[in-house]
Amino acid sequence: MKERIVGIETEYGLAYDAAGSKPQTIEEIARRLFAPVVEWGRSTNVFLTNGSRLYLDVGSHPEVATAECVDPLDLLAQDRAGVQILADLTARAQAGIRAKGGEGSIHLFRNNVDSAGNSFGCHENYLIPRRLEYARLTDHLLPFLVTRQLLSGAGHVVQGPDGARLVLSQRAEHMWEGVSSSSTRSRPMINTRDEPHADAERFRRLHVIVGDTNMAEGSTLLKTVSTHLVLSLLETGRVMPSWAIANPVKALREISTEASATTQLLLADGRTVTALEVQEYFLEAATEHARSTGMDSGVVPEVLELWARTLRAWAAQDLDPVADTLDFAAKRSLLTRYAERHGLDLGDPRVARLELAYHDVAPGAGLVPGLEQRGLLRRFTDPAAVSQARSEPPRGSRAEIRSRFLHAARRAGVDHQADWLHLKLTEEPSKTVLLTDPFATSDPAADELIQALDTLPTVHTHSTAL
Ligand SMILES: Nc1ncnc2c1ncn2[C@@H]1O[C@H](COP(=O)(O)OP(=O)(O)OP(=O)(O)O)[C@@H](O)[C@H]1O
Ligand SMILES: [Mg+2]
């Protein structure tokens, strides 16, 4: 994705199982989890030396927003580094509770719904040029996003009138609009709030909030690279057939509920197509576009092949060919086999516990590491790259500058702040550098600031305490 910045924000769900010992509220658990962060950064909202943002969102949801990535594999590594950072904080909080005689366990879920039915999200951010006709872009993108759950749905067991069933997407039931600027009350699939975190004359940040949080790296990879390719295609401005769906929210929910690629979608022009046909169109157009523009390098050919394999699997109504790569297929195989083996209905609480365990990333608690180790779920990241991504930024974006600044300020023990756009020394006389180009990996004013910090004596030998 040399030409595009992408970042993912993931909100996590916390739970505490007291196991008969003293109960703890989720607020208390969240406070414990973030105690080392507050000690380190004097806030529950900090930027880390890998360029990411770690914070405690409303409703006691820990969130990691990855740094700006241009390489899809860097994005995966950064996302996974975020999991590890939060898992370590969970382990520390857990140890603190044990030290005080508590016997319960903290759970940290990478999913999108809690037991009370509240939804929390995984937001994707894609840099797009400002000059584009935004409404045209989102009109064309929406049918792709509505049907994209065939690629990256995380699956969810829900109780329906005819008993429990596995639906395709966790988020689908919580979406209320196609495109709008609201993010909570009437949650849209594309949030149009205009906060580019960059030079607003040149860039926009497309904020996609319809996607499920993924556990399988293959799902995250396919989700982000396919969306990037479709955006690139739309950015050419070429005249394209319209797949505008008459009622996108209804279609999103129907595809999810039927968990089938053959769901019929009524288009705005009165035609009817299947979800699979819409995806097949985009796959073919994106493949051709990648080929003709030379974008089919790096990991892209492998992703295009995975996309094609996924659609073939849906067409054949046999998801086994992707059950070791994508969440929905992996989870369906896991849950149905378990239910069959034990003679259980999908609505059985034991199946619900297994489903939650699939999403649990608390140390030692979740199923995914074991599935990966046994070769049942494919990893795309290199463990060494993930370790490195815990403290080092992705290459090729301004996250490199942010990281150098944070390392330097931290080492010198100088009061500072950073966010996506700013680097700031807060001690008087304060100094702020503005970074409006997300692709810039160096900046004269920032370099000067960092050089000045480098001349100061060392206060912290470990600049990455977290
Ligand atoms: N110019 C940009 N284009 C695309 N993505 C960007 C750009 N600048 C930053 N990002 C990414 O956008 C995400 C911003 O995360 P953050 O949680 O701060 O989101 P927000 O939408 O600004 O705020 P909030 O979550 O508080 O509502 C990060 O993943 C970051 O890498
Ligand atoms: Mg956020």
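Which residues in α5 meet which residues in α8? Keep that question in mind while you set up the view, remembering that this is a predicted model.

Begin by selecting residues 217–235, which form helix α5, together with residues 300–315, which form helix α8. The axes of these two helices come within 10 Å and cross at roughly 105 degrees; since angles of 65 to 115 degrees count as roughly perpendicular, α5 and α8 are therefore roughly perpendicular to each other.

Now show the side chains where the helices come together: on the α5 side, select Gly218, Leu221, Leu222, Val225 and Ser226, which meet Val300, Val303, Leu306 and Trp307 of α8. Coloured by character, the residues of this contact divide into 7 nonpolar and 2 polar, with no charged residue among them.

Stay with α5 and look along its length, where the C-alpha atoms at its ends are 27 Å apart, in agreement with the 27 Å that its 19 residues should span at 1.5 Å a residue. Of those 19 residues, 17 are buried, so α5 is largely enclosed by the rest of the structure. After the helix comes Gly237, whose phi is positive, near 75 degrees.

Next, widen the selection to the largest nonpolar core, which has 112 residues and in which Leu108, Leu145, Val230 and Phe405 have the most contacts. Helix α2 (residues 72–99) contributes the largest share of this core, namely 9 residues. In soluble globular proteins, nonpolar side chains tend to be buried together.

Finish by centring on Phe405, which, leaving aside residues up to four places away in sequence, touches Ala418, Leu423, Ala446, Leu449 and Ile450.

Technical notes: Residues numbered from 1 in each chain as written. Chains lettered and ligands numbered in written order. Predicted model: local features only at pLDDT ≥ 70, side-chain atom pairs only at ≥ 80, totals over all residues. Core = buried A, V, L, I, M, F, W, Y, C linked by C-beta atoms within 7 Å. Buried ≥ 20, exposed ≤ 12 C-beta atoms within 10 Å, placed from the backbone. Helix = DSSP H or I, 4+ residues; strand = E, 2+ residues; numbered from the N terminus. Contact = placed C-beta atoms within 7 Å. Axes fitted to C-alpha atoms, helices over the stretch in contact; angles between N-to-C directions. Parallel < 35°, antiparallel > 145°, perpendicular 65-115°, else oblique. Nonpolar A, V, L, I, M, F, W, Y, C, P; charged D, E, K, R; others polar. Expected span 1.5 Å × (residues − 1).
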